[in-house]
Amino acid sequence: MTGSTRGVRIDKAVVSGVFSLDGSDFDVDNNVWLVGDDAEVLVIDAPHRADPIIEAIGGRTVTAIVLTHGHNDHITAAVDLREATGAPIWFHPADRMLWDMVYGGVHPDASPDQALGEGTRFTVAGTTLTALHTPGHSPGSTCLHAPDLAAVFTGDTLFHGGPGATG
């Protein structure tokens, strides 16, 4: 458990896999953030494989799968996770070309369920998270601010110890 307030907690799962960029592959570890309580949870990012994320969910109801941006190491498990949980995928439309690169050959008919945009609000376990569009890492990079938890979930907009990568 990373943090807690009024029964709401932040859990973290780490999923390892491959990040592909410009024809190169890199072994990476990605954080998956789960915000909720013992009954329900919102999932932030879905990298690599769904099984470790489903294990971290632990039988709770998933209210949403929110993707901070469209790089493969943040979205590869989103469709499988949606199929396993029934939760909608929220994704910023400015990163649709990245989604199509990841899913074009694997799930060509798969699409995100909802457009994630500036000010989109999610309520889970009595706390609210608000989407902040933060382009730079990718055109659709989005952070989620949870003031009740004193937390901002930044995807790759920020890295530990410094700013995120831009390109």
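Let us begin with the loop between strand 8 (121-124) and strand 9 (127-133), where Ala 125 is found. The model under discussion is a predicted one. In this model the phi of Ala 125 is near 50°, a positive value in a residue other than glycine. Most residues other than glycine have a negative phi. Is Ala 125 buried or exposed? With a relative accessible area of 16%, Ala 125 counts as buried, because the cut-off for that class is under 20%.

I turn next to Ala 150. This alanine sits in the loop between strand 10 (142-146) and strand 11 (151-153). Ala 150, although not a glycine, also has a positive phi, of about 50°. What is its relative accessible area? The value for Ala 150 is 76%, so this residue is exposed, the threshold being over 50%. To set the two alanines side by side: Ala 125 is buried, whereas Ala 150 is exposed.

The following loop, between strand 11 and strand 12 (158-159), contains Asp 156. The relative accessibility of Asp 156 is 13%, and this residue therefore counts as buried. Which side chain does the side chain of Asp 156 contact? The partner is the side chain of His 137, in a polar contact of 3.4 Å. Asp 156 may also be considered together with Ser 141: the two are 15 residues apart in sequence, and their C-alpha atoms are 7.9 Å apart in space.

I now move to an earlier part of the chain, and to strand 4 in particular. Strand 4 covers residues 40-44, and 4 of its 5 residues are buried, which leaves the strand mostly covered. How does strand 4 run relative to strand 3 (residues 24-36), parallel or antiparallel? The two strands are antiparallel and are joined by 4 bridges. One of the residue pairs to inspect is Gly 36 with Val 41, its bridge partner in strand 4. Strand 3 and strand 4 form a hairpin, with 3 residues between them.

Strand 4 pairs with strand 5 (residues 61-66) as well, here in the parallel sense and over 5 bridges. In this pairing, Glu 40 stands opposite Thr 61 of strand 5. What lies on the path of the chain from strand 4 to strand 5? The chain passes through helix 1 (residues 51-57), and the resulting β-α-β crossover is right-handed.

To close on strand 4: its pairing with strand 3 is antiparallel, and its pairing with strand 5 is parallel.

Conventions: Residues are numbered from 1 along each chain as its sequence is written. This is a predicted model: local features need pLDDT of at least 70, side-chain atom pairs count only at pLDDT 80 or more; totals for chains, interfaces and linings use all residues. Side-chain values use heavy atoms; hydrogens and water are left out. Buried means under 20% relative accessible area, exposed over 50%, partly exposed in between (1.4 Å probe, protein chains only). Two strands pair if DSSP finds at least two bridges between them. A crossover is right-handed if, with the strands pointing away from the viewer, the path from the first strand over the helix to the second runs clockwise. A polar contact is a pair of N or O atoms within 3.5 Å; within protein, one must be able to donate a hydrogen and the other to accept it, and residues adjacent in sequence count only if both atoms are side-chain atoms.
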